[in-house]
Each structure stands twice: as structure tokens, then as C-alpha cells.
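Please look over the structure shown here with two topics in mind, its nonpolar cores and its pockets.

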Amino acid sequence: VHADDRPLDAIGSTSLGIAFARAQESRRPDRLFDDPYAERFVAAAAEVSPLAGTMTGGTGSAAANAWTFLVRHVAIRTRFFDDYLADAVAAGSRQVVLVAAGLDARGLRLPWPPGVHLFELDQGPVLELKERVLQGRAPAGGARRTLVPVDLREDWPAALVQAGFDAGQPAAWLVEGLLPALTATDSDRLLERLSALAAPGSWIACDDTGDVHSMRPLLEALDPLLVALWKGGPGGDPAAWLRGHGWDPDVLDQEEEARRYGRAPEPGSDQAGWPRPRLVRARRQ
Ligand SMILES: C[S@@+](CC[C@H](N)C(=O)[O-])C[C@H]1O[C@@H](n2cnc3c(N)ncnc32)[C@H](O)[C@@H]1O
């Protein structure tokens, strides 16, 4: 372990589970994207995550099925959000904000047009681990990438603006895999603060896996430790939630997107009682 490596906490370690899923997907001949960094994150995190053993697959058939579900869900949502960001920058957005960026390597693996400025927000130790693995690599096409260590339950907009974000220009925001870790109140505050920075024409996308209740059987099968980390996010209808904050949303069913990508359900991935995730994208009204 590096002298200056700070360990990841439990919620920070969930970024490792997502990297593990992206590494699995990247190995498939019919992969929906290729993330060459995911594998390296998984290897490096083993040194600094207390949950490295449990965030990278389990034993027994319930755990195996749950991991099949999670890997497939992450694969589909990753591709969906890749396409979302490509559409937003094609439409002229020159700022991209990865809210709770975790070990998401989009900053390096997507072909950004010149002039894009990417901001990545997450906890300091997660961003430090990420940079240690990325070893100073820069995004393609001359895009800029700025890391902003924050607590997303606190006043993070000040840090984002300080880092160079221009609230007068539209941005493409991505809130992937974060909301379930926040309470309804913290989710509302996050969206209020984000919306106050979102100029007309901005975009936002997030995933919706339902409330604590609908996630519980899946979380227990993945790792009972996760149950306590799940706070449920905003709860209720994500379209109404976004509309209430001045956004014009489209809520899409993960399985319909999966069909578009030619990805059939996999044995074990669709157990009764497991959630049916939705993928959400919206434009600022
Ligand atoms: C499941 S991971 C998803 C990471 C990334 N969006 C992805 O899809 O690869 C959740 C991330 O949210 C971050 N996170 C959760 N609560 C946070 C908070 N209050 N402040 C900052 N980051 C937080 C964790 O550190 C972790 O990296």
C-alpha cells in the first residue's frame, strides 16, 4: 500500500463493485463498451478497500445470480449513459459533470470533442485511488478533466464553481449509481443544488432502481453489508421528481434498452422479487 493511500470507506467501495462489473463486460466478445481501466481499478482497490473481497463476486447460487444481475445492469446502464453523453456533447454541451464519478473511466475512454471540460466529483480517497491507476493519462481530443473531492451531502457547488465550472453555460450531468446511497432529503438537496447550477439547455441522467424495499432481496444476495448502505434515494416516481425541479424527463425501461442493444436476459439475472431498473434522461426546461 502506498504511504499516502487513504482507505475507501464502505460507500466508496461500491465504486469497486461497478468497476468489477465493467471489467466483466469488457471481456465479452459482444461487449456494449470497452473499459480497459476497470480491471486495473479492481486490482489496485484490493489494497485499499475493506470490501474488496465481497465487492467482486460471491459464492453460492443466490450470490452468483445477484452478481449476474448486477453485471448485466451495469453493462446496460453504462452503454446507455455513454450514448447519453455522446448525444449531449453532439448537441453542443461543453461541460460534463460526473456526480459521484467513482471509478468511472469515461473521462479517458470516450472520444470527447475539443473544448470539453469534464468535472468528476466524489470522495477524496476514491479520486486518489483512481488517479494512482490512471497515472496522469489525459482525455483524448484535448478535453480537460478536473477532479473535485467533495461530500455530495454538503455544499459541493462552491467547490465545483471554484474548480472552473461555469453555471452560465449548459452542462451534461450524470448521476449514476449515487441516489440509492442518499436519503430522500439528501437526494432533494442534491437535485436542488444541481438544478441551481444548470443553465437552460442542460441535460441530466440518472438510474432508478426503486426504493429500499424493492432492492432488499437483491442486496442481501449480493452482500448483506450493502443493506445498511442503501438509503433509497428520492423514492417515488423519478419523472415527477425531476419535473418538480424544472427538468423535462424521459424514463426508460432497462429491458427495452437491453433489447435495443441486442442483450437478452441471462440465466439467473431475472429472479422474482428483484428490481426492474429504469434509466432516466432529462433536459432543462
Ligand atoms: C456505486 S458507486 C458509482 C460510481 C460511478 N458513478 C460509476 O457508475 O462507476 C457510488 C459512488 O458514490 C460515491 N458517493 C456516495 N455518497 C457520496 C457522498 N456523500 N459524497 C461523495 N461521493 C459519494 C461513492 O464514493 C462511490 O464512488
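The notes below take the cores, then the pockets.

This is a predicted model, in which local features need pLDDT of at least 70 and side-chain atom pairs count only at pLDDT 80 or more, while totals for chains, interfaces and linings use all residues. Residues are numbered from 1 along each chain as its sequence is written, and side-chain values use heavy atoms, with hydrogens and water left out.

**Nonpolar cores**
- The largest nonpolar core (buried Ala, Val, Leu, Ile, Met, Phe, Trp, Tyr and Cys residues joined through side-chain atoms within 4.5 Å, where buried means under 20% relative accessible area with a 1.4 Å probe, protein chains only) has 35 residues, and Phe41, Leu129, Leu218, Leu219 and Leu222 have the most contacts inside it.
- Among the helices (DSSP runs of H or I, at least four residues) that each supply at least two residues of this core are α1 (10-26) and α8 (212-222), whereas α3 provides the largest share, six residues.
- A second, separate core of 29 residues includes Leu152, Phe165, Leu182 and Leu191.

**Pockets**
- The largest pocket (on a 1 Å grid over the protein atoms alone, an open set of points where a 1.4 Å probe fits, with protein on both sides within 12 Å along at least five of seven lines; lining residues have an atom within 4 Å of a point) holds about 880 Å³ of space.
- Its lining has 47 residues, with Ile11, Thr14, Gly177, Leu178 and Ala181 nearest the centre, and α1 contributes the largest share, seven residues.
- The second largest pocket has a volume of about 260 Å³, and Arg72, Glu255, Ser269, Asp270 and Arg276 are the closest to its centre among 17 lining residues.
- α11 gives the most to that second lining, with four residues.

Notes
Buried < 20%, exposed > 50% of the residue type's maximum accessible area, 1.4 Å probe, protein only. Points joined across faces, edges and corners; volume = space filled by probe spheres on them.
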